[in-house]
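I opened my notebook to look through this structure one piece at a time. Come along and follow the entries with the model in view.

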Amino acid sequence: MPAFPQPSTNDASTRHLSAVAIEKVYMKGQHRIPVLRGVEMHAHRGEFLSIVGQSGSGKSTLLHLMGLLDQPTVGEVRLRCEGADGAPTETLRVDNLPPATRDVIRNRVFGFIFQFYHLLPELNVLENVLAPLMIRDSAMKYWKNRREYRDQANAIIEQVELSHRLKHRPSELSGGEMQRAAIARALVARPEILLADEPTGNLDAQTGRGIMDLLCSLNEDHGLTIVMVTHDDAIAEQSHRIVRLANGNVERLEKAAA
Amino acid sequence: MYRLLLCTRYLRTRFIALASIISVMLGVATMIVVNSVMSGFSYEMRTRINGILADVDIETNSLNGEADAQQLMARARAVTGDRIEAISATVEVFGLLHFRRGGQWIPRPVTLVGIDPEAESKVSPLQGHLDSFRDIVEDGVVTRRKLRPEGASPNWELTDEALAYRTAWKERQRLFFQPTSSDVDPFDEQPAEQLMPEEPVFDSGEPRGTPNFDEISSEPQQLGTLATANAISAEKPGPAAGPANVTNQGFEWVSQDDDGSQKIIQTSATQEAELAGSDRGADDPFQNLMVPDELIEADAAGNTESDVDAPLHGRLYIGAGLVEILREDPRTGGVQLERMVHPGDDVKISTVSAGSPPEPRHFFATVVDVYKSGMSEYDANLVFCNLEYLQEMRGMIDPQSGKGAVTTLKIRLKDYEDAPDVVRSLQNAFPPHLFTVRTWEQKQGPLLAAVDIEAAILNVLLFLIIAVAGFGILAIFYMIVVEKTRDIGILKALGASSRGVMTIFLSYGLALGLVGSGVGAVLGLLFVRYINEIEALLAIIMGRKVFDERIYYFPSIPTQVNAFMVISVALGAIVIAVLASVLPARRASRLHPVQALRYE
């Protein structure tokens, strides 16, 4: 029984992150290589959304655009911002904000998980997990809050069952452990949206299942909005909704449960 | 915070960074060492030159000098107020030094300086440069203690050692020359040989310079015969020595003898004398054998008081470089410093008289001491003579007033800062067509400037070394950025700004520079501190001395550490390291996160 109600796919007011008529063209010399051709997609608050497609269908690019790692050639990325301190909640276009602002949004709103984990090899698990908090704060402020942050990180590492690996370097971890460390890092800054790029792509089936269970429980227990890219339908099955991309466009929307 | 953490982490985990650190370190260390040694040399040289030269010199433009030294000194003091510490009036003139070696006279061009040691030691540390006033140290071991008592001021008296040496070689000379006369019955001469060491006092007032002087102008045999005659005369405990005409006396002694062999000598001596006399075309053959009149007078006068071994009236301090040569020892293969003239020896000086036209003047003088300042330029050039004697020899003494003329006033100032002022007022007081007034720095301008330029060029070249190290850092950093592309993408995905990423690499460069120049500075300073020990170690390894004190005159490698220099070198290295990391850092900051992440 999910803790949060299933969101309606048509309700505009629950839209959390939207890709509106997105086109993305890469230039390779003189040639224009269109990757996305007018994708329209919405992730609702608390939804676990899968984007599925063949290799080269543009699903990773779409995820990067939505995570503000890249800018669309045409179209908008919209984010629904909870008004803090009673300010009205409104949906804002975020893709054209200045780089510094986008950096802040990436840090505070999004959590990223990658296929190849992308942990920093020089740092141990705890430091990797703390990285987003270090990036967020100045050295002074971080130093002041370091105990609180460490507790926060420890709690999340506990949650992903890596407490025994705190001081280990990524190279000393197994693939599943690394991915769990990466998830802990994505969660430590308490993001609203988790963007996962093939989180199980490099793992064996059983480990991948463990990771998926973790993601599902995060989604259900904390109402985290998750957008996951995968090429594996079996994995995508576990999400609420699947968006299928082909040739840079949305093929169809279907309910995972259906 | 992440910048700091990553920066230190990269520093600790990248071995390639060690290469950059080492290159910076070596550059900094080299610069510090070279600069310290250079300024050590330069400082040592300046102090030595300043030690030899007075602060300010007033030189007459002519060789005749200016007649009244007292009046000149009074004038100098009057125009400069009380800024003058001491003045020494001297006569400076070029000349030739001849000394005997291997049976021949060796000439050396010299600058002859007539000084009063008392006054001179007030304007320059003369005492410290004289051999008998200091310990001789070889390889850190004192091989000879100083010969003069503590606190003695330089004078023209010979040390006991020099006197003993002098007596010894005089005797040796006599002994040596006696048997060379083959006509002499060896048995007949035996008593003479025994007597001689004990009784040099019986010798007549014959100037011992006579045979030496003749040797240069006539046949060597002549010297032998004359010396023999001298020796024979010495054996005779007859008439009291007196200021007699030397030629006559010598002749008289021989002719008085009844012994047949002596007569033979007399004859040969006479013949030789006549031969020389006819060569010169003079009337009196014996007179022509002898030294110029003034010499005879002087020496005869000197010898009335003591024996023939007594030093001559002309006394000299001679520069060590004039009489020292480096000679390879055929047995050990080591290079040794050989001194050809020792205190107590007699040497000949040739110079010119005052007046127009100048005429050559020759005189003999006894070496009192060897002068060694450590500046080869001076040690191989300067001969100090007693002022009055030089004035006399050069005819600089005014017959009416009895005042001797001087050519140079050496002035020591109370504070060298005043020098430009003093020079200006002296230039006003001493007409420029007669006098030249200069500070020692102006006198040595080209040399000092050359040293400064040398140091500056060396610095530029060495800084290029650090620049090379900078390019090394640039290349290594580029590599690190490429290697860290994925990490940069991750950091950006986690919200790090471009500036933040740039800061990581800039501070990485800064850290490399800091560590490199810090370690380099410490290393360089340690090297400078123990440079002589390192030199000794190198000497052991290489089997020969790297820094030969006999060539450089310094007992050890002189170094002078300038804090400002060390700091600026270290800062320069840090700045270069940071500059070198700017390009890679910019590249890192401009990396597109998506492309960076795609990189596997």
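**Entry 1: contacts within chain B.** I looked up contacts in chain B between residues at least 6 apart in sequence, and found that 78% of them join residues at least 24 apart. I noted that this is a predicted model. For the make-up of chain B, I counted 25 helices and 13 strands. Of the 600 residues in chain B, 42% are buried.

**Entry 2: helix α3 of chain B.** Next I picked helix α3 of chain B, residues 69-80, and checked its length. With 12 residues at 1.5 Å a residue, the helix should span 16 Å, and its end C-alpha atoms are 17 Å apart, which agrees.

Which residues of α3(B) are buried? I found B:A69, B:L72, B:A76 and B:T80. Looking down the axis of α3(B), I saw that these buried residues fall within an arc of 65°, so they line one face of the helix. I then turned to the face pointing away from the buried side of α3(B), and there I met the exposed residues B:Q70, B:Q71, B:A74 and B:A78.

What do the buried residues of α3(B) pack against? My list for chain B has two kinds of partner: the strands β1 (56-60), β2 (84-101) and β12 (408-413), and the helix α17 (419-429). I also looked just past the helix: α3(B) is followed by B:G81, whose phi is positive, near 70°.

**Entry 3: where chain B touches chain A.** I moved on to the two chains together. Here 22 residues of chain B are in contact with 25 residues of chain A. On the chain B side, α1 (2-13), α20 and α25 (593-598) each supply at least two residues. The largest share of that side, seven residues, comes from α1(B). Sorting the side of chain B that touches chain A by class, I got 14 nonpolar, four polar and four charged residues.

**Entry 4: helix α2 of chain A.** Last, I crossed over to helix α2 of chain A, residues 99-108, where A:R102, A:D103, A:R106 and A:N107 are buried. Viewed down the axis of α2(A), the buried residues fall within an arc of 140°, so they line one face of the helix.

Where do the buried residues of α2(A) pack? In chain A, I found them against β6 (110-113) and α3 (125-136). They also pack against a helix of chain B, namely α20 (485-493). I had already met α20 of chain B in Entry 3, among the elements supplying at least two residues to the side that touches chain A.

Technical notes
Residues are numbered from 1 along each chain as its sequence is written. Chains are lettered from A and ligands numbered from 1 in the order in which they are written. This is a predicted model: local features need pLDDT of at least 70, side-chain atom pairs count only at pLDDT 80 or more; totals for chains, interfaces and linings use all residues. Helices (H or I, at least four residues) and strands (E, at least two) are DSSP runs, numbered from the N terminus. A residue is buried if 20 or more other C-beta atoms lie within 10 Å of its own, exposed if 12 or fewer, and partly exposed in between; C-beta atoms are placed from the backbone. Two residues are in contact if their C-beta atoms, placed from the backbone, lie within 7 Å. The arc is that of the directions from the helix axis to the C-beta atoms. Ala, Val, Leu, Ile, Met, Phe, Trp, Tyr, Cys and Pro count as nonpolar, Asp, Glu, Lys and Arg as charged, and the others, Gly among them, as polar. The expected span of a helix is 1.5 Å times one less than its number of residues.
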